[in-house]
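Me: Could you take a close look at one part of this structure with me? I'd like to hear about the cysteines first, and then about what surrounds them.

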Amino acid sequence: MNAAAVLTTTLDATALLQHLHAIEQRFDRRRDVRWGPRTLDLDLIAFGDQVVPDVATVRHWIDLPPDRQGVVAPDQLIVPHPRLQDRAFVLVPLCDIAPDWRHPVLGVTIREMLAACSDADKAGIKPI
């Protein structure tokens, strides 16, 4: 199941991600396999219009070839999430709450990113 939420916080992006990881730990989340099955996965997809750590780094991870995406991981927080535009299962719930949010690096909205996803990627997503 996937969901999205908009939060207001006094934390910076790194502190918020640390807080999300602490919540995962309280629910016994383990990170055994990259992109593997998990019981709980709290991601920081975006942080307003901030780009963390910088545009060049975010762009590097967005442009990473597909064959490298599953085997290398950044050693720092990357915001917006570098796979955001590729994941219909993330974009569908985001479109419910923030369809007009504009990606600060790509310059497109959630609605536009979702429209660019293939029908095959969207086919398995069912509302509950």
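Reply: Let's start with disulfides: this predicted model holds zero of them. C95 is in no disulfide, and the nearest cysteine sulfur, that of C117, is 10 Å away. Why is there no bond between these two? A disulfide is a covalent bond between the sulfur atoms of two cysteines. To count as one here, the two sulfurs must be within 2.5 Å. From C117, the closest cysteine sulfur is the one in C95, and 10 Å is too far for a bond.

Both cysteines are tucked inside, by the way. C95 has a relative accessibility of 18%, so it counts as buried, given that the cut-off is under 20%. C117 is buried as well, with a relative accessible area of 8%.

Now for what's around C95. It is one of the buried residues of helix 4, along with A88, V90, L91, P93 and L94. And what do these buried residues pack against? They pack against helix 5 (110-116) and helix 6 (119-123).

Pick out V90 from that list. It lies in helix 4 and is buried, at 14% relative accessible area. If you skip its neighbours within four places in sequence, V90 is in contact with I45 and L84. Try finding L114 too: it is 24 residues from V90 along the chain, yet the C-alpha atoms of the two are separated by 9.1 Å.

Next, step back along the chain to Q85, in the loop between helix 3 (66-69) and helix 4 (88-97). Is Q85 buried or exposed? Its relative accessible area is 14%, so Q85 is buried. Leaving out residues up to four places away in sequence, Q85 touches I62, L91, H103, L106, M113 and C117. So there's our cysteine C117 again, and L91 on that list is one of the buried residues of helix 4. The side chain of Q85 also makes a polar contact with the side chain of D86, at 3.5 Å.

That same loop, between helix 3 and helix 4, is home to P80. A cis peptide bond joins V79 to P80, with omega about 0 degrees. There's another cis bond to look at, from V52 to P53, with omega near 0 degrees. P53 sits in the loop between helix 1 and helix 2 (55-62). These are worth a second glance because most peptide bonds are trans.

Let's finish with helix 1. Its 14 residues, 13-26, should span 20 Å at 1.5 Å a residue, and the end C-alpha atoms are 20 Å apart, which agrees. Its buried residues are A13, L16, L17, L20 and E24. They cover an arc of only 100 degrees around the axis, so they are on the same side of helix 1. On the face turned away from that buried side you'll find the exposed residues Q18, Q25 and R26.

Check the two ends of helix 1 as well. At the start, a side-chain oxygen of D12 comes to within 3.2 Å of the backbone nitrogen of T14. After the helix comes D28, with a positive phi near 60 degrees.

And how confident is the predictor? The chain has a mean pLDDT of 91, and 92% of its residues reach 70 or more. Among the elements of the chain, helix 5 has the highest mean pLDDT, 98, and helix 3 the lowest, 85.

Methods:
Residues are numbered from 1 along each chain as its sequence is written. This is a predicted model: local features need pLDDT of at least 70, side-chain atom pairs count only at pLDDT 80 or more; totals for chains, interfaces and linings use all residues. Side-chain values use heavy atoms; hydrogens and water are left out. Helices (H or I, at least four residues) and strands (E, at least two) are DSSP runs, numbered from the N terminus. Buried means under 20% relative accessible area, exposed over 50%, partly exposed in between (1.4 Å probe, protein chains only). A polar contact is a pair of N or O atoms within 3.5 Å; within protein, one must be able to donate a hydrogen and the other to accept it, and residues adjacent in sequence count only if both atoms are side-chain atoms. Contact means heavy atoms within 4.5 Å. The expected span of a helix is 1.5 Å times one less than its number of residues. The arc is that of the directions from the helix axis to the C-beta atoms. pLDDT is the predictor's confidence in each residue, from 0 to 100.
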